[in-house]
Amino acid sequence: MKTQITSTCNHTFSDVFIEETAYCKNYYLSHQNLDWTKPKLAKEYNDFFEGAPFGKDEGWMKMAMNTFNNDNYMGDSVLDAYNTEVYAMIPPNYFPALWHYHTYFELVYVLQGTAINYMENASYELHAGDFMILGLGSRHAISSYNDDCVLVNIMVKNSTFWDIFSNNLYESDLLYGFFTNVLTHYVEETFILFHTADDSFIKSLVINLLEERKYYHKYADLERRSAVSMLFARIMDKYASTAELINNDPNEKIYDITMILSYMQQHYTQISLPQLAEFFGYSERQTRRLLLKFTGKGYQENLDFIRMKEAERLLHNSDKSIEEIGSTVGFSSVYSFRKNFKNYYGITPSEYRNQKITSTF
């Protein structure tokens, strides 16, 4: 049975998947006495799993059931069973929202419709085109109690994720430090959400990941890694500056931290902390706190990082004089530029340029 998911992408659902979805929907409709807005542990749904058709499925659902335990933990066996580093699947709609966390990274993409992602103290509605990155140990549950939603889970091994992720971000980009810091230090409190809307390129990459898992060949993992790599590249190029950082605390405002960082990168030559705070409607103290919390650096450290990385690029790739480069990156005097550059890199701008020139021969 071939089912059209979007106006541009098709995906074939198996008969077993259709049976699974029908089973989940029937269970949902016959248990309206339950509060479906409150996620539960798998052990609270014993009657749901008894007689369920998932045992017929040689794919993810069967393995996922075996990995759920009383601690709602899912291990890498989901990926190891297929000897793969990347695995994409569509869970059936109406599947109960189960609390869980995992040792791999989970990427969630909404092809169409809406779904709900639950955290410890909050929930967030996802819409078509939303792309969510959940870090390791991020306890959550997700549900789509409707016929229209098509939700895709992309599971990526830890080492593979960082290998692909780091290769698609420039370390000179301020957002690189931000995303790395969030995913390594705040995974249990937050998730990162990118609104990609009706991006047909992202849709096609996700569909290709779904189709690719059906056929094993010696280049399968390479193709999957390449698809995820292109996903990251597209998202970072088009949507990183407007990404949302969703916090687990419903009483804390969701700050536009990615917009602040993007604004700093665009206006670093003439920005000041008071101007930055005023532009985004925060106090200076609040702005400092946000930057420190989500990048691990204060305002001045972030500003120095931007200026030094741009100066490094110009020293390496341009014929501008040291004085011109200092002025270009926002320093009022060549003396100030030389002093700051040496404090940052341990050598003067001239020594750095000479090192680069020598290394090319």
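Biologist: In which loop is the place of Ala 243?

Modeller: This is a predicted model, and the chain in it has 15 helices and 13 strands. Ala 243 sits between two of these elements, helix H8 and strand S13 (244-247). The answer is the loop between H8 and S13.

Biologist: Does Ala 243 count as buried or exposed?

Modeller: Buried means a relative accessible area under 20%. Ala 243 has a relative accessibility of 7%, so it counts as buried.

Biologist: Which residues does Ala 243 touch, leaving out those up to four places away in sequence?

Modeller: One of them is Ile 192, which is 51 residues away along the chain, yet the two C-alpha atoms are separated by 6.7 Å. The full list of residues touched is Phe 179, Ile 192, Leu 193, Phe 194 and Thr 258.

Biologist: Among contacts between residues at least 6 apart in sequence, what percentage join residues at least 24 apart?

Modeller: The pair Ala 243 and Ile 192 is in contact, and these two residues are 51 apart along the chain. For the chain, the share of such contacts that join residues at least 24 apart is 71%.

Biologist: How far apart are the end C-alpha atoms of helix H8?

Modeller: H8 covers residues 220-238, which is 19 residues. At 1.5 Å a residue, H8 should span 27 Å, and the distance in the model agrees with this: 27 Å.

Biologist: On which side or sides of H8 are its buried residues, and how wide an arc do they cover?

Modeller: The buried residues of H8 are Ala 220, Arg 224, Ala 227, Val 228, Leu 231, Phe 232, Ile 235 and Met 236. An α-helix has 3.6 residues a turn, so residues three or four places apart point the same way. The buried residues of H8 lie on the same side of the helix because their arc around the axis is only 160 degrees.

Biologist: Which residues are exposed on the other side of H8?

Modeller: Exposed means a relative accessible area over 50%. On the side of H8 opposite the buried residues, the exposed ones are Leu 222 and Asp 237.

Biologist: How many residues of strand S11 are buried?

Modeller: In a regular strand the side chains alternate between the two faces of the sheet. Val 150, Val 152, Ile 154 and Val 156 point one way from S11, while Leu 151, Asn 153 and Met 155 point the other way, and all are buried. S11 (residues 150-156) is therefore largely enclosed by the rest of the structure, with a buried count of seven of the seven.

Biologist: How many bridges join strand S6 to S11?

Modeller: S11 has strand S4 (residues 86-89) as an antiparallel partner, joined by four bridges, and in that pairing Tyr 87 is matched with Met 155. S6 (residues 105-112) also runs antiparallel to S11, and Gln 112 stands opposite Val 150. The number of bridges between S6 and S11 is seven.

Biologist: In what order do the three strands of the open sheet stand?

Modeller: Strands of a sheet pair through backbone hydrogen bonds, either parallel or antiparallel. S7 and S8 pair in the antiparallel sense over five bridges, and three bridges join S7 (residues 114-118) to S10, also antiparallel. The edge strands are S8 (123-127) and S10 (141-143), each pairing on one side only. The order is S8-S7-S10.

Biologist: Which residues make up the covered face of S8?

Modeller: A hairpin of four residues joins S7 to S8, and His 127 of S8 is the bridge partner of Thr 114. His 127 belongs to the uncovered face, together with Ser 123 and Glu 125. The covered face holds Tyr 124 and Leu 126.

Biologist: What is the phi of Tyr 94?

Modeller: Tyr 94 lies in the loop between S4 and strand S5 (101-102), where it is buried, with a relative accessible area of 6%. Most residues other than glycine have a negative phi. The phi of Tyr 94 is positive, near 75 degrees.

Biologist: Is Ala 197, which has a positive phi of about 50 degrees, buried or exposed?

Modeller: Ala 197 lies in the loop between strand S12 (190-195) and helix H7 (200-212). Its relative accessible area is 53%, so Ala 197 is exposed.

Methods
Residues are numbered from 1 along each chain as its sequence is written. This is a predicted model: local features need pLDDT of at least 70, side-chain atom pairs count only at pLDDT 80 or more; totals for chains, interfaces and linings use all residues. Side-chain values use heavy atoms; hydrogens and water are left out. Two strands pair if DSSP finds at least two bridges between them. Helices (H or I, at least four residues) and strands (E, at least two) are DSSP runs, numbered from the N terminus. The expected span of a helix is 1.5 Å times one less than its number of residues. Buried means under 20% relative accessible area, exposed over 50%, partly exposed in between (1.4 Å probe, protein chains only). The arc is that of the directions from the helix axis to the C-beta atoms. Contact means heavy atoms within 4.5 Å.
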